[in-house]
Each structure stands twice: as C-alpha cells, then as structure tokens.
Amino acid sequence: MDAMMSASREFFRQPSEEKKKCSNLVEGKPFEIEGYGNDKTVTQDQILDWQDRLHLTLEPEDERNFGKWPSYPESFRDVLHEYASRTKGIRDLILRSIANLLELDEDYFVNQLSNKATGFARFNYYPPCPRPDLVLGLKSHSDGGLLTILLVDEDVGGLQVQRDGKWYNVPTKPYTLVINLGDCMEIMNNGIFRSPIHRVVTNAEKERLSLAVSYRVDGEIVLEPASGLVDDKRPSRYKKLKTKDFVVGLIEHFLQGKRFIETLKI
C-alpha cells in the first residue's frame, strides 16, 4: 500500500508534459477513458470535477494497454501489478461473504465475473483548491460496477457518503481499505445491500490522492436480482438489462451528475 501510494504521488508530481505521455487524448482519435487526463466533457452545463485522474485497465490481464501505463517511476508497473493481484483476493473474499450472508451459493457473485469481466484502476489526484466551497473534487455518484476497493490518502480527508439526505465524512485511517458496493451488486442482491452515494470535497491547502480499483461483471451477463432473493413477499425491484447496455447508460448519467440505476427501479 505504501509503495502504491508513493509511486502514484511521484507520477502526479511530474511536469505536465511528462504526464501527458500517458494522455487519454490522442490527436485525431476519439476520446478514450483510459489514460491520464480528465473525464469527457459532453455539454457546456456539465458538472466538472476538480481533479486529474489516471484510468488503467487491469482485467482481463491480456487487455492491459501498457502504452498508457506510466514508465515513471520505474517501480509503477510492477507495484500496480502486485497491488491488483492482491485486491482480486480481497474482492473474492468479500463477494463470497456477501453471498453467504444472503444464503446464496457461496460462489454466486464470483461466478458473474468470468474471464471477460473488467477491472480497472482509477488514480485520483485532487490539487489544493482556492475555493473549496464552490467546487467538488468528485461529484456525487454511486459506483456502477460490482464493488470498488478504495485506497485513500491517510493524511487528508475528503470522501463523504450520503445517508438520508445528509453528508457524512469518511474518516481517514492508515492502512485501511474502503469497500464500496456498486449498482450491479445492488441490482443482483435485489436492493438488500445498497450502492452508496458518495462524493469528494476539495481542500484549500493540501493535495489529496486516492486509488479506486473497481470490478464489473461480464458484459454479456443479464443484470437481474438473484432468483433466491425474489419471491411473492419480495418481488424484483429492478428491470433486467445486459451489463454492457447498463454501462452505456451509466456513463451518460454520470456525466450529468445522475444515477442510471434510478431509471431501472420497478
């Protein structure tokens, strides 16, 4: 964890021209999510975030685009590979634990992943903001995938979670991972465990860094509540939808500061 955060800081503290070697904007090519830069700007009234980010594919491993992986610091690639392999173990432990709590087959959620399921790392760098009262580091949203394993800055807070319309600070604590369940998990467990709405506020004096490793289910899988969690007393709360179609709607709504999962509720 120390090595991953240290390598991340070294990357973001480089001059702009060095970081742009991993840019997600390539002249003459369509916008790419993967790489260094910002999220896509679609409309003039779009809610923008006060951050830089580096977005890299981790899974499937044979689809990693090393042209977007930083070559500086030299340790970055090896450290990220090791970190990603360890988060996969945590992912599977959590998914099996949730399945057991719901009295489903232990591998029910793990089996939704397959060897085609995607996983990605999003490094978020939030520079000091002169007017933190006006700008969010990351707009309010819920994660769209199955679950996210979040490594947060141990010195600087900023992550907030919403409950009953009120925002609560998530405390910082060294060597602690924050686990966010995603919208896909909420649909598959029929709303028993929810995907939390969260955001990041800015800081006037200090920079902040975080790393979110997110996992999604296979794009061809139909998202729907597990049959063992649906009955006459507890009907399905969500419409069926292929995961790949869900992702398209998710991105469109995220850029507008909205939640796509709300449109799927029955």
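1. Let me start in the middle of the sheet: β3 and strand β10 (residues 208–215) are paired antiparallel, with eight bridges between them. If you want a spot to look at, Arg122 sits opposite Ala212 in β10. Bear in mind as you go through these points that this is a predicted model.

2. Now the other neighbour of β3. Strand β3 covers residues 119–126, and seven bridges join it to β2, again in the antiparallel sense. Leu54 has Phe123 as its bridge partner in β3. On the other side, β2 pairs with strand β1 (residues 35–37), antiparallel too, over three bridges. There Tyr36 is the residue opposite Leu54 in β2. Leu54 is therefore a handy residue to centre the view on, as it faces Tyr36 and is also bridged to Phe123 in β3.

3. How buried is strand β2 (residues 52–59)? Seven of its eight residues are buried, so the rest of the structure largely encloses this strand. For reference, buried here stands for under 20% relative accessible area.

4. Stepping back to the whole sheet, it is open and has six strands, ordered β1-β2-β3-β10-β5-β8, with antiparallel pairing. Which strands are at the edges? They are β1 and β8 (177–181), each of which pairs on one side only. From one strand to the next, the twist averages 20°. As a reminder, strands of a sheet pair through backbone hydrogen bonds, either parallel or antiparallel.

5. Next, the helix on the sheet. Helix α1 (residues 2–12) has Met4, Met5, Ala7, Ser8, Phe11 and Phe12 as its buried residues. Looking down the axis of α1, these buried residues fall within an arc of 165°, so they line one face of the helix. The spacing fits the textbook picture: an α-helix has 3.6 residues a turn, so residues three or four places apart point the same way.

6. Where does α1 lie? The helix lies across β1, β2, β3, β5 (147–152) and β10, and runs at about 115° to β10.

7. Last, the empty space. The count is two cavities of 30 Å³ or more. The largest cavity has a volume of about 40 Å³. Its lining consists of Val152, Gly157, Gly158, Leu159, Val170, Pro171, Thr172, Val178 and Arg208. Among these lining residues, Arg208 belongs to β10, Val152 to β5 and Val178 to β8.

How values were computed. Residues are numbered from 1 along each chain as its sequence is written. This is a predicted model: local features need pLDDT of at least 70, side-chain atom pairs count only at pLDDT 80 or more; totals for chains, interfaces and linings use all residues. Side-chain values use heavy atoms; hydrogens and water are left out. Buried means under 20% relative accessible area, exposed over 50%, partly exposed in between (1.4 Å probe, protein chains only). Helices (H or I, at least four residues) and strands (E, at least two) are DSSP runs, numbered from the N terminus. Two strands pair if DSSP finds at least two bridges between them. The arc is that of the directions from the helix axis to the C-beta atoms. Axes are lines fitted to C-alpha atoms, for helices over the stretch in contact, and angles run from 0 to 180 degrees between N-to-C directions. Contact means heavy atoms within 4.5 Å. On a 1 Å grid over the protein atoms alone, a cavity is a set of points where a 1.4 Å probe fits but cannot get out, and a pocket is an open set with protein on both sides within 12 Å along at least five of seven lines; lining residues have an atom within 4 Å of a point. Grid points are joined across faces, edges and corners, and a volume is the space filled by probe spheres set on the points.
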